[in-house]
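Here is a set of short exercises on how two protein chains meet. Have a look at the model, try each task, and then follow the solution step by step.

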Protein chains: 2
Amino acid sequence: MKLSQIGELTLLDQIRKRFKKKSNNIIVGIGDDAAVLKPIYKNLLVTTDMMVEGVHFDLSLTTPYQLGFKLISVNVSDIYAMAGKPLYLLLNIAVKKNTEKKFIDKLFDGIKDAMNLHDTILIGGDLSATKSGMALSATLIGYAKRHIQRSGANVGDGIYVTGNLGDSACGLELLKRIKRPVPLERSKIRKHGAKRKELRDKSKDPMRHAPCAMLLKGLSWNTVEPLLRRHLLPEARDAKKFARYATSMIDISDGLLIDLSRLCSESRVGARIYIDNIPLSPELKKAAVHLDIPPLKLALSGGEDYEMLFTAPAGNKVRAIYIGEIIKSGRFIVDSSGREKPFSAKGYQHFCKRE
Amino acid sequence: MKLSQIGELTLLDQIRKRFKKKSNNIIVGIGDDAAVLKPIYKNLLVTTDMMVEGVHFDLSLTTPYQLGFKLISVNVSDIYAMAGKPLYLLLNIAVKKNTEKKFIDKLFDGIKDAMNLHDTILIGGDLSATKSGMALSATLIGYAKRHIQRSGANVGDGIYVTGNLGDSACGLELLKRIKRPVPLERSKIRKHGAKRKELRDKSKDPMRHAPCAMLLKGLSWNTVEPLLRRHLLPEARDAKKFARYATSMIDISDGLLIDLSRLCSESRVGARIYIDNIPLSPELKKAAVHLDIPPLKLALSGGEDYEMLFTAPAGNKVRAIYIGEIIKSGRFIVDSSGREKPFSAKGYQHFCKRE
């Protein structure tokens, strides 16, 4: 059934019922002119992020479930990047009239799974038709006892990341070759320590398809799957445990070099990072060889890893990966032979042609 | 100059500088992963609204200034509809790469003028390219000492509106005949009681143009201008003064009948309204004759008036226009001869074909 046969009000009603959740702090939820929340007695955090068809996603390469999941992850990641906790979500969704109701249901499945993962509640939004491409955005409200900005890095601080870099960009490169959406098991999406959910979608191994197997010859599904997952179903990284000692923090959405440059600009400092310290997954190394792309290129300039990048004073026992240190000025990469080269921010910028 | 020649970061930087505003309650404004606000010790209001090209607006009929102004007005209106005060704004803007920088500047002129009018501060947002149509959305955070919902109407309450209805829909009909954007004087946009701003844009009288003069023969610019203004530069109506006694409230965005129906559904009551009490402007009456559209059709089912619709118990001296009363059940319109007819919600619904 198409949305045009259902109508906006019926659809809104369904969404409202599906996402209805009681909370003592929500006085008015979805359905009025505005949501009403009880005062939040800690610092409020607010962030918003958009995903536009043909720019942030390609419906020939992603399932609606993945799209919904990612929309929430990227917004949650921004709240975590302030060492905050996400609470309330607003959604703006513009889709074509002739969109299948099933598509919207799957989109909301993904949204809901990601929301549950991070304990957020839907409090409002807007639904619209669009004549052309889809456009999605989410606004997330959260709080922080002690927020961490981009601007607090000090000379001498260590620079850390919370996980492997480049996987997401590598996943995208693989997808471009697979040339169709790859549904992934939902079972692997879980909170650290939480029970695995029951399987619902079976992972579809694209290797079984002759053209993909040809294209990705030599790569196993065990190598490909985690890379695709990092791109299609990124999990926002809760950075609470670093809040005690981190002096500055940013999430890596546009690529390590560009996001580190932002952190440096805001903190008015420089940085030196060590190539050999950049964490690369074994899957990335295998796949990058196959794709004939230097894995470091993906790790340094590929975006959407949603790992945290933060700084902390020396002397702390930091449970993250040390990649370099904050210096007075300049931005340098040190290669395996110890040679230092300056770097500039190279990452994704809207409106500009990519190099 | 095109946006593609400027780049996202430079543009963001310009916006950040232009909208920088100090406030003791903003700990971190635009430019970090999320904004950080001091706790708000009153009930928080949050709303979001989208405007999509080809659905909510047509760039062949609106100037970018008007578009920006309206984006803010529709969101502010939702906060006012809860009897709240708007405070903080987040913007999501997706435009084509080849958009002229001048277009964006004018868009932000409109956004800024409307923001100043309602004392709101920009605290964040997202900027993206789009392959197809423009998509804009805003999220607005405000507060209310005593908020008013849609659901509080009681049997016996009077039903009130705050101003003339149908003007905006009539303005749109005129615009469709004028077939091009009509810049309007900015000087008329002002707070009640505030000084008029200096003129900047001169109002362009479309009557001077031969084809328009032909099409709109018999209508003067004095008739046309206020109707166009209501559609192109709607001013959100601060409903604070009704908060003392209003039992329920909604802003009229989709048309009187549909919005009254919403209020009735939420309050689980019925309504009876009187045709003769529906306030129509003299300009609407003149123009509607010319357009050969019944003015009441525009007033009852035309959207985007952004007047407030509210209910109040009898016995209050309400400084608004009485249009009917809340009854136990059913929805009726009483015509001039006293005949009562049931009505159903007829207004704009996305995804559905219009009647």
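The exercises below look at the contact between chain A and chain B.

This is a predicted model, in which local features need pLDDT of at least 70, side-chain atom pairs count only at pLDDT 80 or more, and totals for chains, interfaces and linings use all residues. Residues are numbered from 1 along each chain as its sequence is written, chains are lettered from A and ligands numbered from 1 in the order in which they are written, and side-chain values use heavy atoms, with hydrogens and water left out.

**Exercise 1.** Describe the extent of the interface between chain B and chain A.

*Step 1.* Start with the residues in contact (heavy atoms within 4.5 Å). Chain B gives 73 residues and chain A gives 73 residues.

*Step 2.* Now take the buried area, meaning the accessible area (1.4 Å probe) that two parts lose on being put together, summed over both. For these two chains that is about 5900 Å², with 58% of it on carbon and sulfur atoms.

**Exercise 2.** Work out how the two copies are related.

*Step 1.* Superpose the copies by least squares on the C-alpha atoms of residues with pLDDT of at least 70 in both. A turn of 180 degrees and a shift of 0.0 Å along the axis lay chain B on chain A with an RMSD of 0.0 Å.

*Step 2.* The two copies are thus related as by a two-fold rotation axis.

*Step 3.* Compare the surfaces: 100% of the interface residues of chain B are also interface residues in chain A, so the copies meet through the same surface.

**Exercise 3.** Find salt bridges that A:R150 forms with chain B.

*Step 1.* Recall the rule: a side-chain nitrogen of Lys or Arg lies within 4 Å of a carboxyl oxygen of Asp or Glu. Six salt bridges cross this interface.

*Step 2.* One of them joins A:R150 to B:D33, at 3.0 Å from N to O.

*Step 3.* A:R150 also forms a salt bridge with B:D32, where the closest N and O atoms are 3.5 Å apart. Here B:D32 sits in the loop between β1 (26-28) and β2 (35-37) of chain B, and A:R150 in the loop between β6 (135-144) and β7 (158-161) of chain A. These strands are DSSP runs (E, at least two residues), numbered from the N terminus.

**Exercise 4.** Which residues does B:S132 contact beyond its neighbours within four places in sequence?

*Step 1.* Locate B:S132 in the loop between β5 (121-129) and β6 (135-144) of chain B.

*Step 2.* Its contacts are A:S132, A:G133 and B:K96.

Notes
Helices (H or I, at least four residues) and strands (E, at least two) are DSSP runs, numbered from the N terminus.
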